[in-house]
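Take a moment to turn the model around on your screen before reading on. We will walk through it one region at a time.

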Amino acid sequence: MFKLRSCAMAAILCLQPACNPSQDHDSVQPRTVSPAVTTSKLEAPAAFVTQHTVEKGSSMYQTLKSEGLFPQTILELVKAAKPVLPLQDVASETMFEITWDGPERNTPLKLALRYAADSSLVIERNGPGLEWTATRIEHPISVVQKTFHGFVSSSLWESAEFVGMDPSLITNLAEVFAWQIDFNREVKRGDRWRLTVEQKMVDDKVIGWGNILVAEYENNGQLFTGIRYPAEGENASYYFPNGQSLKRMFIKSPIKFGRITSGFSRSRFHPVLHIHRPHNGVDYGAPPGTPVMAVGHGTIESIGRNGGSGNMIKIRHNGTYSTAYLHLKGFATGLRRGSTVEQGQVIGYVGSTGLATGPHLHFAFYENGAYTDPLGLRFPAAEPIAKNQLPKFNQLVQNVMRTLPDWQLAQQDPPASETHPTGSDASVIR
């Protein structure tokens, strides 16, 4: 039920990959995240250390018991660890180490494990009574700038994979330009893009991504630029280089990725009823369970089952505009009539309830109570950069635009026989 490897050690306890190797990065200036709990260094010498893994189907308790720890000792460990990390929450396949008083393994002195990319748990005996105490070790996170560039030859997703970019960042890129481009229908062969994004690292290992700091997308010959300002904080948003906001009253699509299977029409042949009648909305084909977003801030006017519309939500955005979302598989938790929703908030999931031949979202848009085609509408922008912030913003524009890779790198799609380029570059952000 567990893997065991023993070795004598006469050095400080080192959790692989918990130890911070010395870094010879003259340019790297790591940004250290302040620990929520007092930190400590693993300084106690290890008389004898054994390494273990909690395997699938097992638990931390079972593994410790199998190692010969007395139930009372395990309970003491559980009690000590609880303020930092309940041991019952330790996932399977987690590696941990036990420090003993000697090769005979008579008395455990310390238990240490890495439970997150940037956090370790150490439980050791302290004080005159040798009580167990737990400490969380915070491993510094450094943030660097990473750049990517791509050329769309078949799909936006594949253009990201081709240059070695985490495809999840395509979702973030789509969010930056959600008000300018409908990524379900407007992505064209020949589009190109480039961006600079924060990359989070611990011990020279990538643990995740931060914010896109600047991005450009050229769609069908039209160039859009988005600059994040301020770089951090809840009030951050994206702006054009002239300070105008990218945000509009409504985002262009209620789902991030999918395809339009039927557009707005005054007379369409209904696939279920087999008659011609108006199609007062836009259908988006997507797999069941695909999240559906509110296209704008508003109040839920109705929510529930509605005949041939199936599960439906209708949102009133203001005195002029309303939207409806039909055939949903289900609704997001906590929503009811009168609930306030924000732009981009997930309100339900694609389904096939009501009169539907397959999973899709029927999206209806109302202007002054009448159905209208949302695909060609243009809406006012959000507030621009405040005048007193323009000098600071203009300086930021100059700085971040210089971080972007050369457009020429994303001019053409290399032959499939060529080795895939990395399509990226890394530099220090802070």
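Which residues lie nearest the centre of the largest pocket? They are Glu-175, Val-176, Ala-178, Trp-179 and Ile-251, and they belong to a lining of 33 residues. Keep in mind that you are looking at a predicted model. In this model, the largest pocket holds about 700 Å³ of space.

Let us look at what surrounds that space. Sorted by class, the lining of the largest pocket has 16 nonpolar residues, along with nine polar and eight charged ones. Three elements, α4 (168-176), β9 (205-219) and β11 (237-239), each provide at least two of the lining residues. The biggest contribution to the lining comes from α4, which gives four residues.

Since α4 matters to our tour, stay with this helix for a moment. Its buried residues are Leu-169, Ile-170, Thr-171, Leu-173, Ala-174 and Val-176. You have already met Val-176, one of the residues that lie nearest the centre of the largest pocket. The buried residues of α4 pack against one helix and several strands: α3 (156-162) on the one hand, and β7 (142-151), β8 (192-202), β9, β10 (222-229) and β11 on the other. Two of these partners, β9 and β11, also appear among the elements that supply the pocket lining.

Now move to another helix, α2, which spans residues 71-81. Its buried residues are Thr-73, Ile-74, Leu-77, Ala-80 and Ala-81. They sit on the same side of α2, because they cover an arc of only 125 degrees around the axis. A general rule helps here: an α-helix has 3.6 residues a turn, so residues three or four places apart point the same way. The partners that the buried residues of α2 pack against are α1 (60-66), β4 (108-116), β5 (119-126) and β6 (131-138).

A few places in the backbone deserve a closer look. Between β10 and β11 there is a loop, and Pro-230 is found in it. The peptide bond that joins Tyr-229 and Pro-230 is cis, with omega at about -15 degrees.

Next, find His-327 in strand β19 (residues 321-331). This residue has a positive phi, near 65 degrees, and is not a glycine. Is His-327 buried or exposed? It counts as buried, because its relative accessibility is 6%, and the cut-off for buried is under 20%. Asn-368 also has a positive phi without being a glycine, in this case about 55 degrees. Look for Asn-368 in the loop between β22 (360-367) and β23 (370-371). With a relative accessible area of 59%, Asn-368 is exposed.

Finally, step back to view the whole chain. It has five helices and 24 strands, and 45% of its 430 residues are buried. Among contacts with a separation of 6 or more, 67% are between residues 24 or more positions apart.

How far can you trust what you see? The chain averages a pLDDT of 82, and 80% of the residues score at least 70. Over residues 1-46, however, pLDDT stays under 50, and the model has 101 contacts beyond four places in sequence for this stretch. Residues 425-430 also stay under 50, with 23 such contacts. Where pLDDT is low, the predicted coordinates should not be read in detail.

Key:
Residues are numbered from 1 along each chain as its sequence is written. This is a predicted model: local features need pLDDT of at least 70, side-chain atom pairs count only at pLDDT 80 or more; totals for chains, interfaces and linings use all residues. Side-chain values use heavy atoms; hydrogens and water are left out. On a 1 Å grid over the protein atoms alone, a cavity is a set of points where a 1.4 Å probe fits but cannot get out, and a pocket is an open set with protein on both sides within 12 Å along at least five of seven lines; lining residues have an atom within 4 Å of a point. Grid points are joined across faces, edges and corners, and a volume is the space filled by probe spheres set on the points. Ala, Val, Leu, Ile, Met, Phe, Trp, Tyr, Cys and Pro count as nonpolar, Asp, Glu, Lys and Arg as charged, and the others, Gly among them, as polar. Buried means under 20% relative accessible area, exposed over 50%, partly exposed in between (1.4 Å probe, protein chains only). The arc is that of the directions from the helix axis to the C-beta atoms. Contact means heavy atoms within 4.5 Å. pLDDT is the predictor's confidence in each residue, from 0 to 100.
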